[in-house]
Structures are given as C-alpha cells and as structure tokens.
Amino acid sequence: MSEIRDPRPRRRRLLRVVVGLLVLLSVIGYFAVQRASVGGGAPFCVASADASGGDGESEKYEMSPEQAANAATIAAVGVAKGLPDRAVTIALATAMQESALRNLDHGDRDSLGLFQQRPSMGWGTPEQITDPVYSAGIFYDHLVDVPGYSRLPLTVAAQKVQRSGFPQAYAKHEPDATVLTAAFSGGGRLDCGGPAPTQPGDPEKVREGLVRIFGKDGMHTFGPQGGQGGQAGRNGGGGRAVEEPEITMVEKREAGEAATRRSRAMAHWAVANSREMGIARVSYDLRGWVAGKDRGRWQDKGDAGAKSGDGDPYGAAPGEVRIFMAR
C-alpha cells in the first residue's frame, strides 16, 4: 500500500516562493519609480552617443557617479591635450578593462589606479598614479609615441602602451568606450540623476580641478552678486542675485571645433563631478542641467520644465560654460 503524503508542505513552499517573488518585484518596482522620479533614487549616470539621449540600448552606457567622474577626467585630459576622439576611445577602453573606471589602490603586484600602472615600471610614484589627471596624462603621452596609433586596432594600440597579459580583453570595451567618447567630447551627452547636493560646494575646488586639466585661459570665478560679467550683469545690471552663493564660469575665447570640444568636455566633467563637488547646476551653450531635477537630464533653454523663480536658469550664452555651486 503506497504512502499518502500530506500536500500541505509543498503548498507552503510554493506560497513562500510566490511571496518572495512578489517582494522582489515590489523592491525592483520601488527603485524603478524612485529613479524615474524628480530628484529621487540612487545616483546614476548615463552616457549617450547623441545629444537627445539616444533611444537604442546600444547607444547608451550606464555607470556610477564615481565611474562617470573618472571617465570624464580621462576624456577631458585627452581633449585638453588636443588629441582626437580615437585616442580618447583607446584610453577609456583601456581603463574600463584595467579598473572598471575605478581608481584602485591595489592590483596585480604593484599595479595601481585607473590604468593599473606600476611604480616599479617607471609610471610614477603611487601618489601620482592614483591621481586620475596624472595617470590619464601619462597614458596619452605613451600612446602618442606609438607610430600610427589612431589607425591601429584598439587592442594593438592599447597593448603597445600597457603590455598586458590579456591584450584581446580590451576589444570588448570598444563599443561602450565609443559611446563615452561621444558623450564627453563628441555629439553626445552625459545625464546624471539622483538627489541634489546637500552640502555647500567649493567653487575654488572646482576651478582648481578645471585649471589642472585645461589651464587658466578663459576661466573666471564670480561671487553671489554676479560681479563684473556675472549673473547680475547678464540680467541687465539690476537682476536678482543667483540662488547659489558662488559661480565658476568658463568662457570660450577662440572659435572652432577644438574650442567646442573643450567646452563640452568641461560641462560634462562638471556634471560627472557634481555629487562629490557640490555642483548645483551647469549651463552650456543654450542647454542646462540641474541636480535633482528633470531625472538628471540636460534640458534645452526654454523647455517647459526648465523654469525657476530666477527665470530660465538653463542655457548659457553660445560657447560658454557656467557652473553654479550648491549653497
């Protein structure tokens, strides 16, 4: 006679599985809503290969603010050196493979930093190598010494600099690195969402960061009343003081594609570093980005959502970058 088993344990297990799935779906839904809401959710950044944000998944690359800040620095250093987009793509793909765009304090043997450079191999001191501006700069210096690097396959160009034990690993990052390059120095964009800064920003820290990369030419810092050429002057001389206590402004002096690349790289560097440096909003060439608003997306000047009590805060003059600090 066969044994009759009680079906209740199986039902209880099934019920637990269903409840667990419902809880998991609820958590996923909660974070999706938080992320889509204005100013809510965990911070994140999305690079897009076109200025509208891109509709295809292959045209986007998502990352943390830390990764975005490091990627922005790598790209900005390349732009400041006047190097082509191909050099920026090679550098970004290399750092994506070596460190996942994180400034590591460890690695194989004595490897450190974004590019896992080794002090024992003459790349610099540990302090230098873990400085993203230095590490990106010395990578580019070695890259441009490679004859015809811009015409070589990415894996070959990167390997001639890195001497990696796994040179083919760089290839898988080329599509995403191309998107990042477009966002920082080409016709794309970087959107960064999440809460607005809760601590006041330091305009001198931002200015020092930009000067280290781009030099002093065309950079000015103004106080909360606008100062000469500041917000008050731009509002006709009698305009209201800006909400933020300080303004760091970068003006483009020269014309041409090189200047456009520099301005775009500066603007997106500021957005990528906004969380760490307390940057409240960035305006660039008739477009604007505000921390904690519009789901972290850039808005065109005059958009319905781009309004505040000070009028339209989105969009600087053509060829100009303006960076406003949180108070």
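Visitor: What classes of residue make up the lining of the largest cavity?

Guide: In this predicted model, that lining has 12 nonpolar, four polar and one charged residues.

Visitor: Which residues lie nearest its centre?

Guide: Cys 192, Gly 193, Pro 195, Ser 274 and Arg 275 do, out of 17 lining residues.

Visitor: And which helices and strands supply at least two residues each?

Guide: Two strands, β1 (44-48) and β3 (189-193), and two helices, α10 (257-272) and α11 (274-277).

Visitor: What's the volume of that cavity, and how many cavities of 30 Å³ or more are there?

Guide: The largest cavity has a volume of about 120 Å³. The count of cavities of 30 Å³ or more comes to two.

Visitor: OK, switching to salt bridges. How many are there?

Guide: Eight. One of them pairs Asp 85 with Arg 261, with the closest N and O atoms 2.9 Å apart. Asp 85 sits in helix α3 and Arg 261 in helix α10, so this pair ties together parts 176 residues apart in sequence.

Visitor: Is Asp 85 buried or exposed? And Arg 261?

Guide: Asp 85 is partly exposed, at 32% relative accessible area. Arg 261 counts as buried, because its relative accessibility is 12% and the cut-off for buried is under 20%.

Visitor: Which residue does Arg 212 pair with?

Guide: Asp 131, at 2.7 Å from N to O. Arg 212 is in helix α8 (residues 203-214), while Asp 131 is in the loop between α4 (126-129) and α5, and the two are 81 residues apart.

Visitor: What about Arg 287, what does that one meet?

Guide: The side chain of Arg 287 meets Asp 300 in a salt bridge of 2.6 Å, N to O. Arg 287 lies in strand β7 (residues 287-290) and Asp 300 in strand β8 (residues 299-300), so the bridge ties together parts 13 residues apart in sequence. Arg 287 is buried at 19%, whereas Asp 300 is partly exposed at 34%.

Visitor: Where does Val 321 sit, and how far is its C-alpha from that of Arg 287?

Guide: Val 321 is in strand β9 (residues 320-325). The two C-alpha atoms are separated by 9.7 Å, with their positions 34 residues apart along the chain. Val 321 is buried too, at 1% relative accessibility.

Visitor: Last one: why is helix α6 largely enclosed?

Guide: Because seven of its nine residues (154-162) are buried by the rest of the structure. Among the buried ones are Leu 154, Ala 157 and Val 161.

Visitor: What covers them?

Guide: The cover includes α3 (85-99), α5 (132-143) and α7 (174-185).

Visitor: And what follows α6?

Guide: Arg 163, whose phi is positive, near 55°.

Methods:
Residues are numbered from 1 along each chain as its sequence is written. This is a predicted model: local features need pLDDT of at least 70, side-chain atom pairs count only at pLDDT 80 or more; totals for chains, interfaces and linings use all residues. Side-chain values use heavy atoms; hydrogens and water are left out. Buried means under 20% relative accessible area, exposed over 50%, partly exposed in between (1.4 Å probe, protein chains only). Helices (H or I, at least four residues) and strands (E, at least two) are DSSP runs, numbered from the N terminus. Contact means heavy atoms within 4.5 Å. On a 1 Å grid over the protein atoms alone, a cavity is a set of points where a 1.4 Å probe fits but cannot get out, and a pocket is an open set with protein on both sides within 12 Å along at least five of seven lines; lining residues have an atom within 4 Å of a point. Grid points are joined across faces, edges and corners, and a volume is the space filled by probe spheres set on the points. Ala, Val, Leu, Ile, Met, Phe, Trp, Tyr, Cys and Pro count as nonpolar, Asp, Glu, Lys and Arg as charged, and the others, Gly among them, as polar. A salt bridge is a side-chain nitrogen of Lys or Arg within 4 Å of a carboxyl oxygen of Asp or Glu.
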